[in-house]
Each structure stands twice: as structure tokens, then as C-alpha cells.
Amino acid sequence: MTKNRQQPTRYRPGKAEIDEPHSEDESEESEEELEAAPRAPAPKASSFPSQRTLAVDLSKAGQQRDTAPAKPKPPEVDLEGFVTASESSEDEAGDGSSEGEVESSAEEEESSDDEPKKPMLRPTFIPKNRRTQQTAATATDGAAEAERVRKAKADELLRAQLERDAAAKAAGRKAWDDDAEIAPEDEVDDTDDLDLEAERAAWKLRELKRVRRDRAAIEEKEKEREEIERRRNMTDSEREAEDAAFISQQKEEGEGKGKMAFMQKYFHKGAFFAGDSEQDAEVQAVLNRDLAGARFEDEAGDKAVLPEYMKIRDMTKLGKTGRTKYKDLKSEDTGRWGMDAGRKRREGDGLDDRFRPDDERGFGGAGGREQTGANSMPVGERKRREDEGGRDGKRARYD
Amino acid sequence: MVHHADAKKALDERGYTGTLLHGDNPLKLFEKAVRDRIVDSYYWKEQCFGLNAATLLDRATDLSFIGGTYGVAQKPTPFLCLAFKLLQLTPSKDIILFYLHQEEFKYLRALAAFYVRLAWEKDEEVYKTLEPYLADRRKLRRRVREGWALTYVDDFVDDLLVKGRVCATTLPKVNPRGFLEDEGKLEERVSALGEELEEMDEDSGGDESEGEVEEVGSAMVVGRGGGDGEVVSDEEMSGD
């Protein structure tokens, strides 16, 4: 009552488990006191649906909880006349009748332990003259009524379960197979020799298909080999001619497709799905259709004439903060598209002569200048003038 | 071979010392996911405990459908569980051939054929053993992912020989028949149609020109797509 709930004794190794007897006695005594008063007859074992029926259908577990009676015992009559609103509401829910019944403390304890805690409401006082009227009137009726209802439900459940078992046994259902109810085997009939001719014909067809498949595979291989042989035996010029023809044919096919609009989004569904030859022709046509020429309805005809700000792939992002300034890879790239990649960059390329490293002298060719400076320029050939500047060239002239 | 009722040792990959198939624990022919589903299923726990070849025969005669895994939770079929048990037991060739020769029980035959394709390592043996059953035209019920399908024994055997993935298992690679024929290990398949086929050939050769027949053949090739040198791998999801 006011004592704390008894926790289960914990196992401590080395210590013998002692059940505390005095606490048990106390609670028993209190129970007996309450139960000394005349009480409704204890419920019979049969009124409570057996475990079997309760455990019938796990899928209907939720429903069953509700139908099973909330209280195994009928409520006890209390001498003091106090009615707790919680219990009265419980009774109404369960039996639909009495309000004057109070459970024993033990049961209250039990229910509060086992079931989710109901909000405890303020007890209301019923004076003595009114107490027995209500309780007596409704108690027995309510109890009997409840019992009958419970019994009927239990019987029904039991009957349903038995029927189901019988049906299952008759159908040979396996205990491990829950899905036998959802998708019964009988959807597909595998009895043979229903129609001998038809079956034989069907088998012949299948066998023929297999044979044809095998033969086709062999032929395909043969063709490959022939093709290889043929190309080997051709001269170079013939090969080139054939290649040119093939390429021009490809181009023709390519021209038939629409040209990609300026900055159109390109969608390629991936190489994994290419060449899936088991699909219908329709499906293949749909999957391989040409998207380059596709236009949206309200898309600008040609993005090239738009101002730079509006040249974006996804026009929904226009004007929004979340739009990035990134346009496309080519415009953002700072490189020169691979031109720089192959060249071996010498160290002293962009540098002034003064700052070039010393060992950068043209290896393997004519050596670099040993001497730098104006005076170290190699002396070239004198230019001989035609007129007589040679003899008198540097003479002082006083003409 | 010591027979353990529980055969847990076979499932434990670490210390496996039994027969090896394709160089590894036979149970590894099934993928980990499928193995887990099988071992957790009720059928395995109830019916496949402590089986030997004889009691497995009893279970197999009770089979009523083939299939891999089905449903949202990838539930394994009893067929698959028994195949797994066969892999665990790795019975001898005679026993398997005995299973195959049973005319009366077609699902037992299907089970044995499945095992032959999985377990036997010599390609020629696989082809030679399974090809006679391309003449068995009985119906088989097959559990697919959602519901049921109808197939035939010869269709199933053909799938085993040609496809890459059957009944939730990736079949071990086997050389295509063409390769083996070229190497000389096998001879060309003599179809069960036999004489009728020859008659049909004569008819078609007489009436139409050869070119037309070839065109028809090549049209079939486009549909098939995988004739040259690789096992046609059908990426089937678990149900098939």
C-alpha cells in the first residue's frame, strides 16, 4: 500500500536467495481483510478464454486484446463506499454498468503494475444509503452479462480455429509455410498429360527453338570468321575504301539526328544499358530515341542571343541566390586544353637572361654562350664596299 | 565422411575440412545473403535437420514447386533448402544419378539436375548428364518473386545449361557447348526431335533458298545476343 513495490530479488553470486516472508504476510493480511466482506462469486476457469484461443491468430493480436476481458476477477465490494473514478470508468468500459465497485488493493497494484498506468482521479464519496442500491443492482447483472459475452466470444474463437485447422489439414498445408494462404499453389497447375497433343506440340516448339538458337550461334561465328578472312585478304586501298564508305554512312545517320542546342543539358543513360537485346522493339526505340533535338515548350529558342547572365542550363535557377556562377567546364578551365600538358617546361623560359639557371645551356646542341656581354659577340665578316672605301675608308678627309 | 546431424561445421567457414567443390566450401556456391535466409527459415530448421541421402529423398518427393527466394523478405523455397542440404552432404555420384533417374518424381529430378549443374566440375559430364532431360516435357510449378509461374523440365534444364543465374544462385561458369565441341570433348547435340528435324530441314531446303533460311537464323541471333563464347548471363533478381 504505502510500502514500495517489491522488486524481484536480484541474484548475487554467493548469496542464498531469501524471499522476505514478513512483507508477504502483511499484504496477505490486508487482502483478507478486504475480502472478508461478501463478494461476488469467483470467476470460473472456463469463462476466461484459454491460452489457445488467445494465441490463435497473431495477426489479430491487437483485436484480441480488446475483446479479452480486462479484469480476470469481478470487482470486489468495498465497505467504505469510496469509489475511485478510475475504477468506475474501467468498469463502465468493461461491463458497461456499475460504478460502486472497488478493486482490492492487491488488484489495483497488479493492474497498475501490469497495464499502462491509468490516470488516478479523485475519489468521490457515495453516501451509505445509495451505495448498496447501485452496486447490488448492477453487480450481479453486470458480472453475469460479462461472463456470457466472454464465453460466447471464446467459443466463437475456438470454433474458428478448429475449422481453420481442419481446412489446413485437408489442404495439406505445411506448418512452415505462412504464405500458402496469401498465394495458394493452385494458381498454377502442374498436372501432366491433360492434353497430350498440345503438350507434345509445345515441347516440340521449345526444342526447335533451342536447336535454332544453337545453329544461329554457329552461323554467327562462321560469319565472323569469314569477315575477318575477307578483310585480311583485301589490299590496303580496298580497306580504306570500305572504311570511308562506312564512315560516310555513319555521318549520314548522324546528320539525321537533331543538333544539340546551345548549352542544352545532355543526358546519357549510361553504357550499362546499351545493347540490351532482349527488349521489345518498341522499348528499344523509346530508350534510344534522339534527345539532342528535343526542346522544352517554353524554353528560349537560342540561348546564344541571351545576355551572359541568362546563359544557364537550368532556367529555374535564374534570379535565385542559390545559383552558382559556374557555367560550364570549358569556360571555367584555366588551362589551354592539354596544350601545356605534353611540353616539357624548361625552367628559365619566362625569365630574364640574368635569372636563368646556369646549367641551362642547350645540351646536346651547340653550347650556349660562354661569354655574355656586348663585347663578346663574335666578330662577323667585314663588309667590303664596292667603291674605293677600302684604301681610303678611314682616312681623315679634308675635302 | 563423418556425418554430423547438425552440420554446423560446414556452415562455419573457418575450419572447413570436408570435400571441396570448385576449390571451396560447397556451401559457398550460394551467396551469403541466400545462405542466411535459408538457415533462418522454418523449413530448414524443421525439416532439414539431420537429413541423410535417404531422408532427403523423402523430403524431395514431397516437393511441389521449384524456385529461389521469393517475397519481400526473400524467403527461400523448400527446393532451395534441399539443394543447400545436398551441397552440405555432397553425396556421391551414384546417389545423384539415382535421383535423376527417378521418373516418377519430377521435382526430385529437378533438384538433382540443379545439384549436378552446381557441383560437378567437369563440363562434359554436366552436359552429357543433363541433356537427355531436354526431352522431358513435364510441367513444373515455379515460385517467382510475386506469385507463381509455369515452366517445364526441359525448359528448366535448358536454363541451367545456358543461363548465368538460376534460382537465386549464380551458377558456376561452364564452357559453352561450342567450345567443347571444337575441342572435341563433346559431340554435337542430337536433338530428341531427331528424324523430324531432318525432315523439316529437307523441307525447308527444298522450298526456300538457303539465303532465306539464313536470314531467319540471323534474325533469331539478334534476339538472343550471346552466342559467341560467353555464358549468357541473365541478371535475374532473386525470384527467378
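These questions and answers walk through cysteines, a sheet and salt bridges in a predicted model.

Me: How many disulfides are there over all chains?
Reply: A disulfide is a covalent bond between the sulfur atoms of two cysteines, and a pair counts here when the two sulfur atoms lie within 2.5 Å. The sulfur of Cys81(B) has its closest cysteine sulfur in Cys48(B), at 5.4 Å, which is too far for a bond. Over all chains, the number of disulfides is 0.

Me: Is Cys81(B) buried or exposed?
Reply: A residue is called buried when its relative accessible area is under 20%. The relative accessible area of Cys81(B) is 0%, and Cys167(B) also has 0% and counts as buried. Cys81(B) is therefore buried.

Me: Which strands stand at the edges of the open sheet in chain B?
Reply: The sheet is built from 3 strands with mixed pairing, in the order β1-β4-β5. A strand at the edge has a single partner strand, so one of its sides is left without a neighbour in the sheet. The strands in that position are β1 (66–67) and β5 (148–152) of chain B.

Me: What is the bridge partner of Gly67(B) in β4(B)?
Reply: Strand β1(B) pairs with β4 of chain B, residues 139–143, in the parallel sense, and 2 bridges join them. In β4(B), the residue that partners Gly67(B) is Arg143(B).

Me: Which helix of chain B packs on the sheet, touching β1, β4 and β5?
Reply: The helix in question covers residues 153–162, and its direction makes about 85 degrees with that of β5(B). The helix that touches these strands of chain B is α9.

Me: Which residue forms a salt bridge with Glu227(A)?
Reply: Side chains of opposite charge can pair when their charged atoms come close. The partner of Glu227(A) lies 3 residues away in helix α7 of chain A, about one turn of the helix, and the closest N and O atoms are 3.0 Å apart. Glu227(A) is partly exposed at 36% relative accessibility, and its partner, partly exposed at 39%, is Arg230(A).

Me: Is Arg177(B), which meets Glu181(B) in a salt bridge, buried or exposed?
Reply: The side chains of Glu181(B) and Arg177(B) meet with an N to O distance of 2.8 Å, and both residues lie in helix α10 of chain B, 4 residues apart. Glu181(B) is partly exposed, at 22%. Arg177(B), with a relative accessible area of 15%, is buried.

Technical notes. Residues numbered from 1 in each chain as written. Chains lettered and ligands numbered in written order. Predicted model: local features only at pLDDT ≥ 70, side-chain atom pairs only at ≥ 80, totals over all residues. Heavy atoms only, no water. Buried < 20%, exposed > 50% of the residue type's maximum accessible area, 1.4 Å probe, protein only. Pairing = 2+ DSSP bridges. Contact = heavy atoms within 4.5 Å. Axes fitted to C-alpha atoms, helices over the stretch in contact; angles between N-to-C directions. Salt bridge = Lys/Arg side-chain N within 4 Å of Asp/Glu carboxyl O.
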